[in-house]
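Please work through the following exercises with the sequence and the model at hand. Each task is followed by a solution in steps.

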Amino acid sequence: MTAATDSLVVTDLRVEFDGFVAVGGVSFDAHPGEVRFLIGPNGAGKTTCIDAITGLSKGSGSVKLGDQELLGKAVNKIVRLGVGRTFQTATVFEQLSVLQNLDIAAGLHRSSFSLLRARRGVDPAIERALEETGLSGERETPAGILSHGQKQWLEIGMMLVQEPRALLLDEPVAGMSQDERTATGELLQRIAQRRIVLVVEHDMDFMRRYASRVTVLHQGKVLSEGTVAQVQADPKVQEVYLGTAGAATTAAMLVVADAGADETTAVTDADADVALSQGTGA
Ligand SMILES: Nc1ncnc2c1ncn2[C@@H]1O[C@H](COP(=O)(O)OP(=O)(O)OP(=O)(O)O)[C@@H](O)[C@H]1O
Ligand SMILES: [Mg+2]
């Protein structure tokens, strides 16, 4: 079912809350084989886009997964069609083991018939998820005592056991150590080989290292779109980031050379860096 031709296509998505336009006509698409990023300042509408795609918020326009329209469908139906998501704060069952958490997540997706059959041993999808997320050695560990990074990976694992076609992640590396960020970026790149991966993230360094394509949202609209180098060099993006509170930090994150990035993901756009440096008045 999951093919390289699979796609998530968002067209003219609008979400309003009591007349306030949180998302005002956003279009973008995502495909397997790329780690797709959605970035933008606080309140830009990133989480609301994900909420609308997953059925948590009501939106108008169109969100198509392959040839199926998602808008208007119930949350559980959208999950069954193959869309998984994580939230800004990890939601795992702290008292239960890693294996039990994955088992519950897998159970949500199984029919009662396959649930009975699966009782004989550990579901192969669970084994794959343990392997893929690097949690094989923690299967009996209560989720509550996992490190922050491991909890996020468990949550990603809980999506993977449902074998989704599309994974939407809301700020997956917030609060992670540098090593955990690197492991998460590599995990997302592996997952994205066969599935649609859409990442909402504030961390510019992480975005620069792992994004294939980026859409920048601002005040509910698409401000810029392209490769990391293209959006970094876009004066509109520089203006938005430099013009907001915390701009110095964001600008620094955009400018600082990424020593840790490998050759395939590092972006060296000297012109953009110079422009940003000048913008900060440095
Ligand atoms: N349920 C809601 N009711 C009313 N307004 C909302 C609701 N959810 C979000 N908003 C508003 O919509 C706008 C977009 O919010 P959203 O959470 O999508 O932003 P975001 O880009 O995810 O920001 P952040 O980076 O802070 O997570 C904000 O102005 C927010 O206050
Ligand atoms: Mg958000």
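**Exercise 1.** State how many bridges join strand 1 to strand 2, and place both strands in their sheet.

*Solution.* Step 1: strand 1 and strand 2 are joined by 8 bridges and run antiparallel. Helices (H or I, at least four residues) and strands (E, at least two) are DSSP runs, numbered from the N terminus, and two strands pair if DSSP finds at least two bridges between them. The model is predicted: local features need pLDDT of at least 70, side-chain atom pairs count only at pLDDT 80 or more, and totals for chains, interfaces and linings use all residues. Residues are numbered from 1 along each chain as its sequence is written, while chains are lettered from A and ligands numbered from 1 in the order in which they are written.

Step 2: within this pairing, Arg14 stands opposite Gly24 in strand 2. The two strands form a hairpin with 2 residues between them, and Asp18 in the turn has a positive phi of about 50°.

Step 3: strand 1 (residues 8-17) is also joined to strand 4 (residues 60-65), antiparallel, by 5 bridges. There, Leu8 has Leu65 as its bridge partner.

Step 4: the open sheet of 4 strands has the order 2-1-4-5, with antiparallel pairing. Strand 2 and strand 5 (68-69) each have a single partner strand, so one side of each is left without a neighbour in the sheet.

**Exercise 2.** Determine which residues surround ligand 1.

*Solution.* Step 1: the shell, with each C-beta atom, placed from the backbone, within 6 Å of the ligand, consists of Phe17, Phe20, Ala22, Gly40, Asn42, Gly43, Ala44, Gly45, Lys46, Thr47 and Thr48.

Step 2: strand 2 (20-30) and helix 1 (46-53) each supply at least two of these residues. The largest share, 3 residues, comes from helix 1.

Step 3: the shell around ligand 1 divides into 4 nonpolar, 6 polar and 1 charged. Here Ala, Val, Leu, Ile, Met, Phe, Trp, Tyr, Cys and Pro count as nonpolar, Asp, Glu, Lys and Arg as charged, and the others, Gly among them, as polar.

**Exercise 3.** Decide whether Val216 is buried or exposed.

*Solution.* Step 1: a residue is buried if 20 or more other C-beta atoms lie within 10 Å of its own, exposed if 12 or fewer, and partly exposed in between, with C-beta atoms placed from the backbone.

Step 2: Val216 counts as buried because it has 24 C-beta neighbours inside 10 Å. Val216 belongs to strand 9 (residues 213-218).

Step 3: Val216 and Ala44 are 172 residues apart in sequence, yet their C-alpha atoms are 8.9 Å apart in space.
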